[in-house]
Amino acid sequence: MEKIKLGISSCLLGEKVRYDGGHKLDRFLTDTLGKYVEYVSVCPEVECGLGVPRKPMRLEGSPAAPRLIVTETGEDLTQRMADFARKKMVQLEKEGVCGFIFKSNSPSCGKEGVDIYNENALPAGTGAGIFAGIFVKHFPLLPVEDEEHLHDPGLRENFMEKIFAFAKSCTK
Ligand code: SF4
């Protein structure tokens with residue numbers, strides 16, 4: 001039987017794509033869930049042309065429309081990320097992904113609860129990372145989760161049920 005395709009933030013698979021050259025390997029995702037699904041690995045920051053290592057970023061501005069900003073220099077990468085993300089959505093749609101597992105707390109990949117800072121560098125609220133936010137808008141029905149939530153047995157079961165329920169309609 002063909003495996004369900006799931007998008008995933010590349011660093012969770014152990015790929016050294018983080019700003020500091022590290023990864024965030026999650027053994028549950030690779031060794032357990034990985035037996036049942038085929039991952040489509042995406043690192044939005046690397047794939048939109050930012051290198052490894054790179055300067056850290058954060059979300060700034062209003063929670064309604066956060067911007068992706070390089071913390072040290074103030075460079076605004078929002079448009080660059082959004083342009084990449086919109087193209088990537090078309091590719092992911094063709095790939096037939098049935099959901100996505102995002103890296104939590106990332107200004108690009110966090111699906112919710114990512115800190116947003118105001119002009120005085122103080123926390124002004126929380127929201128989704130730029131790539132994850134575009135994914136959720138583009139695929140409003142697809143299950144998405146982050147690795148932190150998947151450590152909770154109840155949330156994990158709920159997510160698994162949803163992706164298997166979607167499998168028939170979205171596997172190719
Ligand atoms: S959180 Fe997302 S953008 Fe950051 S390293 Fe992981 S995959 Fe790349």
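Two strands count as paired here if DSSP finds at least two bridges between them. Keep that in your pocket for the exercises below, and remember that the model is predicted.

**Exercise 1. Work out the order of the strands in the open sheet.**

Step 1. Start with β3 (residues 57-62) and β4 (residues 65-70): six bridges join them, and they run antiparallel. Look for Arg58, and you'll find its bridge partner Ile69 in β4. A hairpin of two residues takes the chain from β3 to β4.

Step 2. Now go from β3 to β6. Two bridges join this pair, which runs parallel, and the cut-off is at least two bridges. Leu59 stands opposite Ile116 in β6, while Glu60 faces Tyr117 of that strand.

Step 3. Next comes β7 (residues 123-127), joined to β6 by four bridges in an antiparallel pairing. Here Tyr117 stands opposite Pro123. The hairpin of β6 and β7 has five residues between the strands, and one of its residues, Ala121, takes a positive phi near 65°.

Step 4. Put the pairs together and you get the order β4-β3-β6-β7, a four-stranded open sheet with mixed pairing. Because β4 and β7 each have a single partner strand, they stand at the edges, and one side of each has no neighbour in the sheet. From one strand to the next, the twist averages 45°.

**Exercise 2. Sort the residues of β6 (residues 114-117) by face: which are covered and which uncovered?**

Step 1. On the covered face, pick out Val114 and Ile116.

Step 2. The uncovered face has Asp115 and Tyr117.

Step 3. Tie this to the pairing: Ile116, from the covered face, is the residue opposite Leu59.

**Exercise 3. Describe how helices α3 (residues 78-95) and α4 (residues 130-138) pack.**

Step 1. Two numbers do the job for packed helices: the angle between their axes and the distance between the axes. For α3 and α4, the angle is about 40° and the axes are 9 Å apart.

Step 2. Add the handedness: the crossing of these two helices is right-handed.

Step 3. List who meets whom. From α3 come Thr78, Met81, Ala82, Ala85, Arg86 and Met89; from α4 come Ile130, Phe131, Ile134, Phe135 and His138. This contact is made up of eight nonpolar residues, two polar and one charged.

Step 4. Check what is buried in α4: Ile130, Phe131, Ala132, Gly133 and Phe135. Besides α3, the buried residues of α4 pack against α2 (44-47), β4 and β5 (100-102).

**Exercise 4. Is Gly96 buried, exposed or partly exposed?**

Step 1. Find Gly96 in the loop between α3 and β5.

Step 2. Count its neighbours: 14 other C-beta atoms lie within 10 Å. Buried takes 20 or more, and exposed takes 12 or fewer. So Gly96 is partly exposed.

Step 3. Look across to Lys5. Gly96 and Lys5 are 91 residues apart along the chain, yet 6.7 Å separates their C-alpha atoms.

**Exercise 5. Which residues are around the ligand, and how do they divide into nonpolar, polar and charged?**

Step 1. Going along the chain, the residues around the ligand are Ser9, Ser10, Cys11, Val17, Arg18, Cys43, Pro44, Glu45, Lys103, Ser106, Ser108 and Cys109.

Step 2. Sort them, and this shell has five nonpolar residues, four polar and three charged.

How values were computed: Residues numbered from 1 in each chain as written. Predicted model: local features only at pLDDT ≥ 70, side-chain atom pairs only at ≥ 80, totals over all residues. Near = placed C-beta within 6 Å. Nonpolar A, V, L, I, M, F, W, Y, C, P; charged D, E, K, R; others polar. Axes fitted to C-alpha atoms, helices over the stretch in contact; angles between N-to-C directions. Left-handed = near helix turned anticlockwise from the far one by under 90°. Contact = placed C-beta atoms within 7 Å.
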